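Trainee: Could we go through a structure together, one question at a time? I would like to practise reasoning from each step to an answer.

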Amino acid sequence: MMNMKKLILPFFLLTFLFCVTSCDDDNTIPDPDETEQGEGNGDGDDDENEGDENEGDENEGDENEGDENEEKEVLVISFESLLTEDESEFMPTDGVRVGENDPYSYYITAFTDPQGILTFDHYYQDWGFGGGFTYVNTTDTETPGYNNLSAITAQGKNGKVYLTANTSSYTPAIVTMNHTDKYACKGVWITNTTYAYLAIKEGKDGSNPSIAKQFTNGDWFLLTAIGYTSEGEEIGSEEIYLADYRKGKTEILSEWTWFEFSEISTADYIKFELSSSDVGDWGMNTPAYFCMDGITLIEK
């Protein structure tokens, strides 16, 4: 019996040790430090990705904000504040005679818009406006003749006050840009004067008999805007018909019409010229007048 007990005891000890060892191998407990680090890396990647997405959204917002900031300032020139009385016009007294010793020559001066962005040449005599540009708020759409400076619309495009121009080789209608570093000229609104409209439409120019003829098939009246650098180099031109009776048409401007300056927007100054199919021994018979308003500038 003693021998049997001696054999059984070592057997139980071996069995116990074997079970303990097997349990340790199969049920190993993860290292807490390793577990936290692994979970931390996983969350960190997600956070970083989420952060990248947010950053992308912020960048997209910045780009959109940049697009909004790139919107150009548009400035429309107005002369509304310069005339306080109805049926009036610019009447300067500070001009210098073009021909110093010629008592019949024009006086020349200039005026600017209220903001000083543009300068306009102006010619006058003792009897009144002689050429270049002037500003008026007159409304007469019935009286023929050069004394009537009214637009055929009886008002401006954007108010009561607008520009009237008379242009020739002696009294050119010139607009000078004073801030070409900041603004380009996008275009202007154009229409006929009552003087030119009645001459073309009815053959009435205030003379007796009328010098200008009533337009018929094939006739035309053209306004050309020519852009120049400050050195006098021509950079381009734009054209618009104030009346077009070619090819069976009977079109004559009686409303304000947009005149785009795509080719001359960066000019330092712009000269306006008129031409017509009605020409006589002394030059063009059609009255060399037009009206302008709503000069539109865009920030560079």
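Trainee: At 29% relative accessibility, how does Arg 246 count: buried, partly exposed or exposed?

Mentor: Good place to begin, and keep in mind that this is a predicted model. Buried means under 20% and exposed means over 50%, with partly exposed in between. Arg 246 has a relative accessibility of 29%, so Arg 246 counts as partly exposed.

Trainee: Which residue does the side chain of Arg 246 meet in a salt bridge?

Mentor: Side chains of opposite charge can pair when their charged atoms come close. Here the N to O distance is 2.8 Å. The partner has a relative accessibility of 4%, so this residue counts as buried. The side chain that Arg 246 meets belongs to Asp 244.

Trainee: Which residues are linked with Asp 244 in a network of salt bridges?

Mentor: Asp 244 also forms a salt bridge with Lys 249, where the closest N and O atoms are 2.7 Å apart. Lys 249 is partly exposed, with a relative accessible area of 30%. So the network links Asp 244 with Arg 246 and Lys 249.

Trainee: How many residues apart are Glu 260 and Lys 186?

Mentor: The side chains of these two meet in a salt bridge, at 4.0 Å from N to O. The pair links distant parts of the chain, with Glu 260 in strand β12 and Lys 186 in strand β8. Glu 260 is partly exposed at 31%, and Lys 186 is partly exposed at 36%. Along the chain, the two are 74 residues apart.

Trainee: Which side chain of opposite charge is nearest to Glu 238, and how far away is it?

Mentor: Glu 238 is found in strand β10 and is buried, yet has no salt bridge. A salt bridge needs the nitrogen and the carboxyl oxygen within 4 Å, so a larger gap does not count. The nearest side chain of opposite charge is Lys 186, at 11 Å.

Trainee: Then which residue's backbone nitrogen lies 2.7 Å from a polar atom of the Glu 238 side chain?

Mentor: The contacts of Glu 238 beyond four places in sequence include Phe 261, Ser 262 and Ile 264. The backbone nitrogen in question is that of Glu 263.

Trainee: Which residues of β6 are buried on each of its two faces?

Mentor: In a regular strand the side chains alternate between the two faces of the sheet. In strand β6, 5 of 5 residues are buried. One side has Tyr 162, Thr 164 and Asn 166, and the other has Leu 163 and Ala 165.

Key: Residues are numbered from 1 along each chain as its sequence is written. This is a predicted model: local features need pLDDT of at least 70, side-chain atom pairs count only at pLDDT 80 or more; totals for chains, interfaces and linings use all residues. Side-chain values use heavy atoms; hydrogens and water are left out. Helices (H or I, at least four residues) and strands (E, at least two) are DSSP runs, numbered from the N terminus. Buried means under 20% relative accessible area, exposed over 50%, partly exposed in between (1.4 Å probe, protein chains only). Lys and Arg count as positive and Asp and Glu as negative; His and the chain ends are not counted. A polar contact is a pair of N or O atoms within 3.5 Å; within protein, one must be able to donate a hydrogen and the other to accept it, and residues adjacent in sequence count only if both atoms are side-chain atoms. Contact means heavy atoms within 4.5 Å.
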